[in-house]
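Please go through the structure below by way of questions and answers. How does each label earn its place?

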Amino acid sequence: MSGRTLAVVSAGLRQPSSTRLLADQLAAATGRALPTGTSLDVRHVELRDHAHALVDNMLTGFPSPDLGRALDTVVHADGLIAVSPIFNASYSGLFKSFFDVLDAEALVGMPVLIAATGGTARHSLALEHALRPLFTYLRAVVVPTGVFAATEDFGAGTDAGARGGAGTLAGRVDRAAAELAVQLERRDAPRKVDPFAEPTPFEQLLGGR
């Protein structure tokens, strides 16, 4: 049996959180979409738990141990689901802060599914004018379908009979998850680089080369 690791970053501010609920639905759908015999190890990162550490990291340049482990969860994953609540037509400051302190090369080539929650469907365009450009700038491979869920979407069209309908939240979740599953299957496992494995020779350092 082969396996994949999926990092799920959610930036909900409350508990329970509709942002985390959407993240859970997307992760579960991705697991269902993978071929038989492929396991999925889902690792959640709740940014609410790291809010103060993110501010400290931005001021000092160093993450706390817990935040460092959260960053490593994303860096060493095969794929990423990133979900933010939408405030004032864009992602939250907490969401942006996490990806600001993440290493600039960490998401290069990584499959990413973007999603967002908001009070009304008017915020749905934030997926395309805010989240997608962010991850494109970070050189991630963003799947074509982004998922937006307004308050009214939860509890509407989520039953098994409605699943798969393109206009329902469940249908959008399944379509986006299937696209992510395809990219996960194509991706080679990330290679951990040991910075001390190939040190620069002392003579070269002295020579200024």
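The turns below take up the chain as a whole, then its helices, and then single residues.

Q: What kind of model is this, and how are residues numbered?
A: This is a predicted model, in which local features need pLDDT of at least 70, side-chain atom pairs count only at pLDDT 80 or more, and totals for chains, interfaces and linings use all residues. Residues are numbered from 1 along each chain as its sequence is written, and side-chain values use heavy atoms, with hydrogens and water left out.

Q: How many helices and strands does the protein chain have, and in what pattern?
A: The protein chain has seven helices and seven strands. Along the sequence they follow β-α-β-α-α-β-β-α-β-α-β-β-α-α. Helices (H or I, at least four residues) and strands (E, at least two) are DSSP runs, numbered from the N terminus.

Q: What share of the protein chain is buried, and what does the chain expose?
A: Of the 209 residues, 44% are buried; buried means under 20% relative accessible area, exposed over 50%, and partly exposed in between (1.4 Å probe, protein chains only). The protein chain exposes about 11100 Å², and carbon and sulfur atoms supply 54% of it. These areas come from the Shrake-Rupley method with a 1.4 Å probe; for residues, only the protein chains shown count as cover.

Q: What share of the contacts joins residues at least 24 apart in sequence?
A: Among contacts between residues at least 6 apart in sequence, the share is 79%. A contact means heavy atoms within 4.5 Å.

Q: Why is α1 called oblique to α6?
A: The axes of α1 (residues 18-33) and α6 (residues 169-186) come within 8 Å and cross at roughly 55°. That angle makes α1 oblique to α6, because angles under 35 degrees count as roughly parallel, over 145 as roughly antiparallel, 65 to 115 as roughly perpendicular and the rest as oblique. Axes are lines fitted to C-alpha atoms, for helices over the stretch in contact, and angles run from 0 to 180 degrees between N-to-C directions.

Q: Which hand does the crossing of α1 and α6 have, and which residues meet there?
A: α1 passes α6 in a right-handed crossing. A crossing is left-handed if the near helix is turned anticlockwise from the far one by less than a right angle, and right-handed if clockwise. The residues that meet include L22, Q25 and L26 in α1 and L169, V173 and D174 in α6.

Q: What makes the pair α4 and α5 different in name, "roughly parallel" or "oblique"?
A: α4 and α5 (residues 126-137) pack at an angle of about 5°, with their axes 12 Å apart. This makes α4 roughly parallel to α5. F95, K96 and F99 of α4 make the contact with L131, L134 and F135 of α5.

Q: Why does F98 count as buried or exposed?
A: F98 lies in helix α4. Its relative accessibility is 0%, so F98 counts as buried. Leaving out residues up to four places away in sequence, F98 touches V9, V45, L47, L54, L67, A70, L71 and V74.

Q: Which residues of α3 are buried, and what do they pack against?
A: In α3 (residues 65-75) the buried residues are L67, G68, A70, L71, T73 and V74. They pack against β1 (2-10), β2, α2 (51-60) and α4 (93-101).

Q: How do you know whether T145 is buried or exposed, and what does its side chain contact?
A: T145 has a relative accessible area of 9%, so T145 is buried. This residue is in the loop between β6 (141-142) and β7 (147-150). Its side chain makes a polar contact with the side chain of R175 (3.4 Å). A polar contact is a pair of N or O atoms within 3.5 Å; within protein, one must be able to donate a hydrogen and the other to accept it, and residues adjacent in sequence count only if both atoms are side-chain atoms.

Q: Where is T38, and is T38 buried or exposed?
A: T38 is in strand β2 (residues 38-46). With a relative accessible area of 13%, T38 is buried. The side chain of T38 makes a polar contact with the side chain of E185 (3.5 Å).

Q: Why do N88 and A89 get their accessibility labels?
A: N88 is exposed because its relative accessible area is 78%, whereas A89, at 38%, counts as partly exposed. N88 is in the loop between β3 (79-87) and β4 (90-91), and A89 lies in the loop between β3 and β4.
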